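User: I should be grateful for a close look at one part of this model, followed by an account of its wider setting. Please keep the explanation connected, so that I can follow it at the bench with the structure open.

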Amino acid sequence: MANQHQDPAQLCFENVRTRRLIIASYWVVVLLAIPLWWKTTSIERLSLPTSRVRAQRSKELRFPVNVDIGALHADDDAPIAKHIGAALQQDPLQVAESGVDVRVQVGLTSEAAYRVVLDREVREPAIEGRELHIPTDYDTTHKEALKETLEKLLAPYESSTLLSHTQRVMKYSPRYRLAFTLLNEDAASGNAAMAWEVQAAIQGHIGPLLEKLSDLHNFTIESQVQFHAPLAFEPRLVQHEGRGVHGLTHEDLTVFINSAEWTLSSSVSNDPVIHFVLFVPSAKNSPLHILDQQGSIHPSNAFLLPQWGGIVLLNPSQGSPIPRLSTSDLSPIFNTFAHQLLTLLGVPGLPPNVRAARRPDSPAQREPFTDWELDALLRRRALENVQSSTETLEAIVRLVDQIENMPVGQDVVGDIEDALDALNEAHESSRTSPVETLKHSARALTLASRAFFNPGMLALLYFPAEHTYAVYTPLFASVAAPLIGAVIREVVAWRKARKEAAAAAATAKTHGQPRESVAQEMSRKAD
Amino acid sequence: MWWRGCWKSCFVLALHLVAASAQGELFDEDLTLRPLRDGRLEARFSFTTLLKGASPRDPESLRQDDEAQHYTLFPLALGQILREHAVTELHLTLNAGKWNYDHWGYPDEPGVGTGAELWAWMGDTSLTSVDQRWQGLRQSLAGLFCASLGHLDDQRTTSPTLTFQPEGSLPNFTYPHQLRHATLPSEHVCTENLTPFLKLLPCKSLSGIAHLLNPHRVFDADWHGLGVHVRYRERIGVEVRLAFQAVLDPVRYSHDGRRDWSLRSVFDRIVEKACPVARSSKVQVELPGETSYTLSPGPTDVVNDMATYELTSAQEALDVAMKWPGENSFVYPDTSQVPPLTDISVRRNLKGASQAEARLTIEVTNNLPVQVKSGYLETMPWHLQFYLHTLRAYIDDSQRDDLVTILSYAPPVPHSRPALLQAVLTLPPRSTLRLTMDVSKPFLRYTEHPPDAQRGWDLPPAVLVPFAFGEDDSPEFETSASHEANSTWTQEREPYPRRPSRARRIYTPVMLVDLATPDFSMPYNVIIMSCTLIALIFGSVFNLLTRRFVVVRVDSDPATPDVNSVGGVADSVGGTGAAKKTS
């Protein structure tokens, strides 16, 4: 009977070796697939140039500045100039914190950026271009005063507190939009200005400034008139010189802008907007003045909102609407706007004892601001840009370190590397040209913030790991169970077989050969 | 008193001088009120600002910085968008409700398609493509008007130049102009759209007739919609017209079912004061043909059955009221008796219960005693695909395919482009043309379904433009006289004062199509199902490969002599009992 049915143990695929090979090959496939699976499911996280970003921290932007001290009438005053120069060389200017390295030279060489000139025709320090003219009686006794003036001119900003500087000043942007708005609170009430000659006024008062600032920023100009711009609060009625006037307290000024009703902003571009508002109160709220802390009327009728813009209140003298505000009407208003613009853009202003020289072509008008101030602003903006782009880059590195499954694509890495290159260029060019430095630093800032706000970095941020497990478990668990089970079974069987074989061998030794066939039989069974 | 009047007129004069001198910017506003024959009241607000001497931005200049923009009356926010994207002509309408052409006649504002409709003509240069600017324009307008215009993407954008001809003139650039048109029927107009709309007006809603736009009332109207129309008028300038149109129901507002109305009763507001910068500010009331009504206060002027009230700053508040003293309550006209007010009437519907196929039917009735030719436009998203070969035309159940001519069809591209079907229909006098066409409903991708997928998809309205009346094809032939001779109502209202010379568009109502929607837990079911199958197959194959079969010998028992044969069968089977897996 047994001869008719072959023993299954004798079949080729039923032997122990084949079975173990099959199990092993399954495992080989699984193990080989793991790297592939890992590769295809992992998030693209390119490595960031972390060390280069860290290295930026230690770098400092330095602007070497040469100041020459000389005399206009070299024969007579040269000794005094030499004397002052020597004194300044011994007691250097304290401007290093603002990134300025000053070298004082005696004698008017041509390549120096700034000059201090002893001039017999001036009574007090005056600025002409990049020259500071001081009277000749400005001898060593005034050395401290001169030193202070030079420090104020070269580094007019408080060095340690960047933030306090930027609270009022707009954040740097290569392009601003200047939005001029003539706001009538209620034109139908009779107290209103219906139109204004804004183009001529901008041309006359703002244009020269913008031209001078063109190294720093580009500007887009727009203007509109609104005829109904209600206030969100009621101005307080106060008595002044026997008549009732309406007053704005300090708290009122902070909520003056009624952004729900006034359509001042528009949506076509992302450039920051600097607003200039000329506000004409309605007949009901007229005249409208600003009150000081004591509740009496402040002489000024203009105020500035930090990082937003400037506002001027206009109280028309007659009761009927003004058909058109002429250029001469607008002149004082736009002077105020120009001043507000300079403040908002961070032009430092001169020290109190120094005055700007008159313009050579039109002596009646002063330059809006001096080259000393422009250079100081350039340096300051460059310094700030470098600092904030370094901070942004560091923030990206920190963020990517913290969040494990944040993807980092090639565009982010590219932007970061470009930003680092731009920063290096800014450092290099600071020796030669502050304008170039500013351009590079602005590019670095743009690239760094673009990398920071790259939408690709958010892609998988909210895709939790549990989700992945939930998808994989139904497949992997049910496949892994028989695989692992088979391995455990084989291992157990193998160990049992070895044990029995050892036991059989021991028995064979004691009982002799005839038992060997039994032991073989047993071991095969155990397999 | 006399002095006061004199002072007032001086004041008015001064204001008018002011308005005229405002740097070549003119603002006109008017409100037209038209009592409809079903007791309703159509109100159309129109605010026109003209920027004299301006011309649209040449797209070639997009590479340079734009010139500074200084506006007095023109809305800056809109001006910036037009300059930024170099748009020559722009039309945006946001409507809610179904315009009842048969009872209300042609609307004063032609764009009455339900939902959002945006079309623009733009110069086409190689510098920036029209499509890029179209996308930017959509998004800017979406931001300005708080509407979902961003959804008017390539899947809904077509260029039906025959139906949407420019309403102004196109500047003489050295390159052609292109049209982009898109509709979004599911968009709904509401207060959040009206607020930015009002902010574009020089007087906002604080003075002038815009004060009447009370959101509580106008959005309660049976039909309401707002529109923004920008066009370039050659040698005159760029004109922006902001329009708001509503069909109000005074019968519904009144307690005793009367159709008497006044500004206060329908808007809950009156015109308190004039807008000081408007060159002209008018309220016009179209007088119904019957004589039994009263209108108060007395109008400034009556021309051609149109009463006009000129608003001036000196005027007291204005509240126009119309009363029918002889009427106790309004009796609705019998719809089967009164003829439709438009030349043609259109009905469109979708039949079929299946989620895969349906039949589109459009019925066009010619109400005139003469033959009418009409353009027919269907801009269909790919959610409904036409079988064009099944297009049939019937008149009274007899097939007349010859009535559909000049058929042009741009097939849809699934997931990217809509279909564009244009044809010319010839409508025999006083008959109904029925077009049928089989359509298929495609399957959408899982992510393409809207949040409320079971509701279905709104399909944009079809547009019909009747252009030639009479047997000869000359479009100049004017049949209004013969048409109105047949309708007692329109005869009384003759002459039709605002009948424009150009062909008027007629929009069909929107349709809803029910597409096959999946069970949205499907991906997880698929994962579980396929994992189970794989695990089953894997498990059996793996077990077969690694299972071991052995012979279990059953010792022969003298009592059961046949047991050997049983054991012999069992060991060959690998089954459960006898051949046992050892482990």
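The request concerns strand β13 of chain A, residues 309-313. How many of the residues of this strand are buried, which way do they point, and with which strands does β13(A) pair?

Analyst: The model is a predicted one, and everything below is computed from it. I shall begin with the strand itself and then turn to its partners, to chain A and to chain B.

Five of the five residues of β13(A) are buried, so the strand is largely enclosed by the rest of the structure. For this count, a residue is buried if 20 or more other C-beta atoms lie within 10 Å of its own. The side chains alternate in direction: G309(A), I311(A) and L313(A) point one way, while G310(A) and V312(A) point the other way. Burial holds for both sets, since all of these residues are buried.

The pairing of β13(A) can be described through two strands. One of them is β10 of chain A, residues 273-280, which runs parallel to β13(A) and joins it over five bridges. A convenient place to locate this pairing on the screen is H275(A), which stands opposite G309(A). The other is β12 of chain A, residues 302-305, which pairs with β13(A) in the antiparallel sense over four bridges. Here L304(A) has G310(A) as its bridge partner. β12(A) and β13(A) form a hairpin with three residues between the strands, and in that hairpin Q307(A) takes a positive phi near 60 degrees. As a general matter, strands of a sheet pair through backbone hydrogen bonds, either parallel or antiparallel. β13(A) takes part in both kinds of pairing, parallel with β10(A) and antiparallel with β12(A).

Chain A also offers a separate sheet for comparison. Three strands form an open sheet in the order β8-β9-β11 (chain A), with mixed pairing. Its edge strands are β8 (236-240) and β11 (288-290), each of which pairs on one side only. From one strand to the next, the twist averages 50 degrees. Within this sheet, β8(A) and β9(A), the latter covering residues 243-248, are antiparallel and share five bridges. R236(A) stands opposite G247(A) in β9(A).

Chain A as a whole has 13 helices and 14 strands. Of its 527 residues, 32% count as buried, a useful background for the burial of β13(A). Among contacts in chain A with a separation of 6 or more, 77% are accounted for by residues 24 or more positions apart.

Chain B has twelve helices and 28 strands. Buried residues make up 36% of its 583 residues. Of the contacts in chain B between residues at least 6 apart in sequence, 76% join residues at least 24 apart.

The two chains meet at a helix pair. Helix α1 of chain A, residues 16-41, packs with helix α11 of chain B, residues 522-546, at an angle of about 150 degrees, and their axes are 9 Å apart. The two helices are therefore roughly antiparallel to each other, an angle over 145 degrees being counted in that class. On the chain A side, R19(A), I22(A), I23(A) and Y26(A) meet F542(B), L545(B) and T546(B) of α11(B). By class, this contact has five nonpolar, one polar and one charged residues.

The nonpolar cores complete the picture of the interior. The largest has 163 residues, and those touching the most other members are A193(A), L118(B), A120(B), A210(B), V277(B) and L464(B). Leaving aside its neighbours within four places in sequence, L464(B) is in contact with residues including I344(B), V346(B), V364(B), Y376(B) and I506(B). Apart from this core lies another, of 57 residues, among them L153(A), A155(A), F369(A) and I416(A).

R455(B) provides a contrast to the buried residues of β13(A). R455(B) lies in the loop between β24 (432-440) and β25 (457-459) of chain B. With 12 C-beta neighbours inside 10 Å, R455(B) counts as exposed. Its C-alpha atom is separated by 67 Å from that of V552(B), which is 97 residues apart from R455(B) along the chain.

To return to the strand in question, β13(A) has five of five residues buried, with β10(A) as a parallel partner and β12(A) as an antiparallel one.

Terms used: Residues numbered from 1 in each chain as written. Chains lettered and ligands numbered in written order. Predicted model: local features only at pLDDT ≥ 70, side-chain atom pairs only at ≥ 80, totals over all residues. Axes fitted to C-alpha atoms, helices over the stretch in contact; angles between N-to-C directions. Parallel < 35°, antiparallel > 145°, perpendicular 65-115°, else oblique. Contact = placed C-beta atoms within 7 Å. Nonpolar A, V, L, I, M, F, W, Y, C, P; charged D, E, K, R; others polar. Core = buried A, V, L, I, M, F, W, Y, C linked by C-beta atoms within 7 Å. Pairing = 2+ DSSP bridges.
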